[in-house]
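Reader: I should be grateful for a close look at one part of this model, namely the packing of two helices and the aromatic residues associated with them. Please set out the reasoning as well as the values.

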Amino acid sequence: MTGPTVKAPWILARCAQGAIAVAAVADVFRATASRARALQDTAAHQDTSGTTWLVFTYVMLGAAVLFLVWFDQSRHNAQVISGDAGLATGAWPVVGWFVPFANLVLPRRFVLDVLRASAGGKRGRDEILVNVWWGVWLAHALLVPVAAPTSLPVLVLGEALMIAAGVLAIRLIHRMTALQAAPRPAPPSPAPLSHR
């Protein structure tokens, strides 16, 4: 007999991974068009910049929605796998991504909790993946708003961070989904009652 079974959200995982990859590429085009507009503010550059911003916004929104839907399903699976009632429940693990200041620390904690529960409570190298992903994502998110759009080195650094965060997120999604798809050992069966 095997342990609790869950249906790993592979389809959601693949959709989220694809959307994240497209969002990272769209961000490169958006940043390049914004820099071109900052250097030479012509009507053509304004149109291109506006279009790339619009495309990036929709793609990034779609990637965020797919990621959060995948994450919510993974969180439910992790509760079944671990039987841990201590995992955050309700809407908070999703809403926490949008609460100012709290969203600098809570999402990392939620992802770590789900990853640990998916791995049967084991801690390991997967936690490094979460920490590096979150650090790179935060570095990108904090750099882009304060960067001068005309600075090529800052543009390259910002886009390198975005692509790295995307690659790490894709890897994280794969790893967590694979952990949830792994067969589980059966829980110990209770000892039979002896009749005297």
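Author: Two helices count as roughly antiparallel when the angle between their directions, taken from N to C, is over 145 degrees. The structure discussed here is a predicted model. Two packed helices are described by the angle between their axes and the distance between the axes. For α4 and α5, the angle is about 160° and the axes lie 10 Å apart. This angle is over 145 degrees, and α4 and α5 are therefore roughly antiparallel to each other. The crossing in which α4 passes α5 is right-handed.

The contact between the two helices involves residues from both. From α4 come Pro107, Arg108, Val111, Leu112, Leu115 and Arg116, and these meet Asp126, Glu127, Val130, Asn131, Trp133 and Trp134 of α5.

Trp133, one of the α5 residues in this contact, also takes part in aromatic pairing. With a relative accessible area of 4%, Trp133 is buried, because the limit for that class is under 20%. A pair of aromatic rings is described by the distance of the centres and the angle of the planes. Across the whole structure, a search finds 10 aromatic pairs. In one of them, the ring centres of Phe67 and Trp133 are 6.2 Å apart and the planes stand at 40°, so this pair is tilted. The pair connects distant parts of the chain, since Phe67 belongs to helix α2 (residues 43-82) and Trp133 to helix α5 (residues 125-146), with their positions 66 residues apart. Phe67, like Trp133, is buried.

Trp133 has a further aromatic partner in Trp97: this pair is tilted, at 6.4 Å from centre to centre and with 50° between the planes. Here too distant parts of the chain are linked, as Trp97 lies in the loop between α3 (92-95) and α4 (106-118), 36 residues from Trp133 in helix α5. Trp97 has a relative accessibility of 16% and therefore counts as buried.

These pairs belong to a wider arrangement. Ring pairs join Phe67, Trp70, Phe71, Trp97, Trp133 and Trp134 into a cluster. Trp134, a member of this cluster, is also among the α5 residues that meet α4.

Another member, Trp70, can be placed relative to helix α1 (residues 10-39), in which Ile11 lies. The C-alpha atoms of Ile11 and Trp70 are separated by 8.9 Å, although the two residues are 59 residues apart along the chain. Ile11 has a relative accessible area of 69% and is therefore exposed.

Definitions and conventions
Residues numbered from 1 in each chain as written. Predicted model: local features only at pLDDT ≥ 70, side-chain atom pairs only at ≥ 80, totals over all residues. Heavy atoms only, no water. Phe/Tyr/Trp six-rings, centres within 6.5 Å; stacked < 30°, edge-to-face > 60°. Helix = DSSP H or I, 4+ residues; strand = E, 2+ residues; numbered from the N terminus. Buried < 20%, exposed > 50% of the residue type's maximum accessible area, 1.4 Å probe, protein only. Axes fitted to C-alpha atoms, helices over the stretch in contact; angles between N-to-C directions. Parallel < 35°, antiparallel > 145°, perpendicular 65-115°, else oblique. Left-handed = near helix turned anticlockwise from the far one by under 90°. Contact = heavy atoms within 4.5 Å.
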